[in-house]
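Trainee: Could we go through a protein model together, one question at a time?
Mentor: Gladly! Have a look at it first.

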Amino acid sequence: MSDLKSFTTQQLIDELSSREGVKNFSVAPDVKYQIINRSTIVDDYGPAILLVITD
């Protein structure tokens, strides 16, 4: 198995985005986004690329 540190961020995004069951959301600079997962809430501002991976 390859060490993830050997890949660039863009390579990881490209590989994961191309897979079935993955949704890709791009957040523009200075746009607020929020991720809510059970008891965890993340509030932040772009730029960001969010990948939602479902089974």
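Here is a short conversation about this predicted model.

Trainee: In what order do the elements run from the N terminus on?
Mentor: Start by counting: the chain has 1 helix and 4 strands. Reading from the N terminus, the order is α-β-β-β-β.

Trainee: Is the chain a compact globule or more spread out?
Mentor: Let's use the globule rule, which gives 10 Å for 55 residues. The radius of gyration here is 13 Å, well over that value, so the chain is, compared with a compact globule, more spread out.

Trainee: What share of the residues count as buried?
Mentor: To count as buried, a residue needs under 20% relative accessible area. Among the 55 residues of the chain, the share that passes is 11%.

Trainee: Does isoleucine 35 count as buried, partly exposed or exposed?
Mentor: First find isoleucine 35 in strand 2, which covers residues 32–37. Partly exposed is the class between under 20% and over 50%. The relative accessibility of isoleucine 35 is 35%, so this residue counts as partly exposed.

Trainee: Which residues is isoleucine 35 in contact with, leaving aside its neighbours within four places in sequence?
Mentor: Contact here asks for heavy atoms within 4.5 Å. One partner is Leu50, 15 residues away in sequence, with a C-alpha to C-alpha distance of 9.5 Å. The full list, without those neighbours, is Thr40, Ile41, Val42 and Leu50.

Trainee: How far apart do the centres of the positive and negative side chains lie?
Mentor: Take the two sets in turn: 5 side chains are positive and 8 are negative. Their centres lie apart by 6 Å.

Notes. Residues are numbered from 1 along each chain as its sequence is written. This is a predicted model: local features need pLDDT of at least 70, side-chain atom pairs count only at pLDDT 80 or more; totals for chains, interfaces and linings use all residues. Side-chain values use heavy atoms; hydrogens and water are left out. Helices (H or I, at least four residues) and strands (E, at least two) are DSSP runs, numbered from the N terminus. The radius of gyration is taken over C-alpha atoms; the globule rule is 2.2 Å times the number of residues to the power 0.38. Buried means under 20% relative accessible area, exposed over 50%, partly exposed in between (1.4 Å probe, protein chains only). Lys and Arg count as positive and Asp and Glu as negative; His and the chain ends are not counted. The place of a charge is taken as NZ of Lys, CZ of Arg, CG of Asp or CD of Glu.
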